[in-house]
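Hi,

Here is the structure I promised to pass on. Have a look at it first, and then read my notes underneath.

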Amino acid sequence: MPEYKVGPADIFADDERRIVACDDKEIGIFKLDGEFYGWHNLCPHQGGPVCTGRVMSRVLEIADAEGCTRGQQYDDSQKHIVCPWHGYEFSIKTGSHPGNARVRLRPADVFVREGQVYVRL
Ligand code: FES
């Protein structure tokens, strides 16, 4: 499996994202809560550049006992990436769509070795 050296891990701030080229593939690298996550920059919906999208907290729909909506609120404990083409959202930590766990981003193995960030495909 080929490995691609990205650079020093300490230049990534928390909540930072970088898109890197690994031969003919683009990989989105995210640092969140001190951990690195990597996803192919290819949306499972129609192939949009999902990793370039807006990062935001998960939006929760609040419902009453009858199931009627009573507004929305942000869940800051979960960060999502929003595909810029049609707005599909994915968890940065799991790659899953919040409404359908079978719709997922394709993972890339991102790891730190001797202070350097690498991608392995
Ligand atoms: S291509 Fe990403 S939401 Fe459609």
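Below is what I found, going from the whole chain to one sheet, then the cysteines and the salt bridges.

A word on the ground rules: this is a predicted model, so local features need pLDDT of at least 70 and side-chain atom pairs count only at pLDDT 80 or more, while totals for chains, interfaces and linings use all residues. Residues are numbered from 1 along each chain as its sequence is written, and side-chain values use heavy atoms, with hydrogens and water left out.

The whole chain

You'll find zero helices and eleven strands in the protein chain. Both are DSSP runs numbered from the N terminus: H or I over at least four residues for helices, E over at least two for strands. Reading along the sequence gives β-β-β-β-β-β-β-β-β-β-β. Along the principal axes, the C-alpha atoms fill a box of roughly 55 × 30 × 20 Å.

Of the 121 residues, 36% are buried. Here buried means under 20% relative accessible area and exposed means over 50%, with partly exposed in between (1.4 Å probe, protein chains only). The chain exposes about 7,200 Å², and carbon and sulfur atoms supply 47% of that; the areas come from the Shrake-Rupley method with a 1.4 Å probe, and for residues only the protein chains shown count as cover. As for contacts (heavy atoms within 4.5 Å), take those between residues at least 6 apart in sequence: 46% of them join residues at least 24 apart.

The E5-E6-E7 sheet

One piece to look at is an open sheet of three strands, in the order E5-E6-E7 and with antiparallel pairing. Strand E5 (54-63) and strand E7 (89-91) are at its edges with a single partner strand each, so one side of each has no neighbour in the sheet. On average, neighbouring strands here are turned by 45° against each other, direction ignored. For that angle, axes are lines fitted to C-alpha atoms (for helices, over the stretch in contact), and angles run from 0 to 180 degrees between N-to-C directions.

Strands count as paired if DSSP finds at least two bridges between them. E5 and E6 (residues 69-82) run antiparallel and are joined by nine bridges. Arginine 54 sits opposite valine 82 in E6, and leucine 60 has glutamine 73 in E6 as its bridge partner. The two strands form a hairpin with five residues between them, and glycine 67 in the turn has a positive phi of about 85°.

On the other side, E6 and E7 are also antiparallel, with three bridges joining them. Valine 82 turns up again here, as its bridge partner in E7 is glutamate 89. This hairpin has six residues between the strands, and glycine 87 takes a positive phi near 85°.

Cysteines

What does a search of the whole structure for disulfides find? Zero disulfides, where one would be a pair of cysteine sulfur atoms within 2.5 Å. For the sulfur of cysteine 51, the closest cysteine sulfur is in cysteine 83, 9.2 Å away and too far for a bond. Cysteine 51 is buried, at 1% relative accessible area, whereas cysteine 68 is partly exposed at 38%.

Salt bridges

There are seven salt bridges in the structure, counted when a side-chain nitrogen of Lys or Arg lies within 4 Å of a carboxyl oxygen of Asp or Glu. Arginine 120 makes one with glutamate 3, with 3.2 Å between the closest N and O atoms. Arginine 120 lies in strand E11 (residues 116-120) and glutamate 3 in strand E1 (residues 3-8), so this pair ties together parts that are 117 residues apart in sequence. Arginine 120 is partly exposed at 26% relative accessibility, and glutamate 3 is partly exposed at 35%.

Arginine 120 also meets aspartate 109 in a salt bridge (2.8 Å, N to O). That pair links strand E10 (residues 107-113), which holds aspartate 109, with strand E11, the two residues being eleven apart. Aspartate 109 is partly exposed too, at 35% relative accessibility. Add Arg113 and you have the network of salt bridges that links Glu3, Asp109, Arg113 and Arg120.

Elsewhere, glutamate 16 and arginine 18 join their side chains in a salt bridge (2.8 Å, N to O). Arginine 18 counts as partly exposed, with 31% relative accessibility.

Cheers
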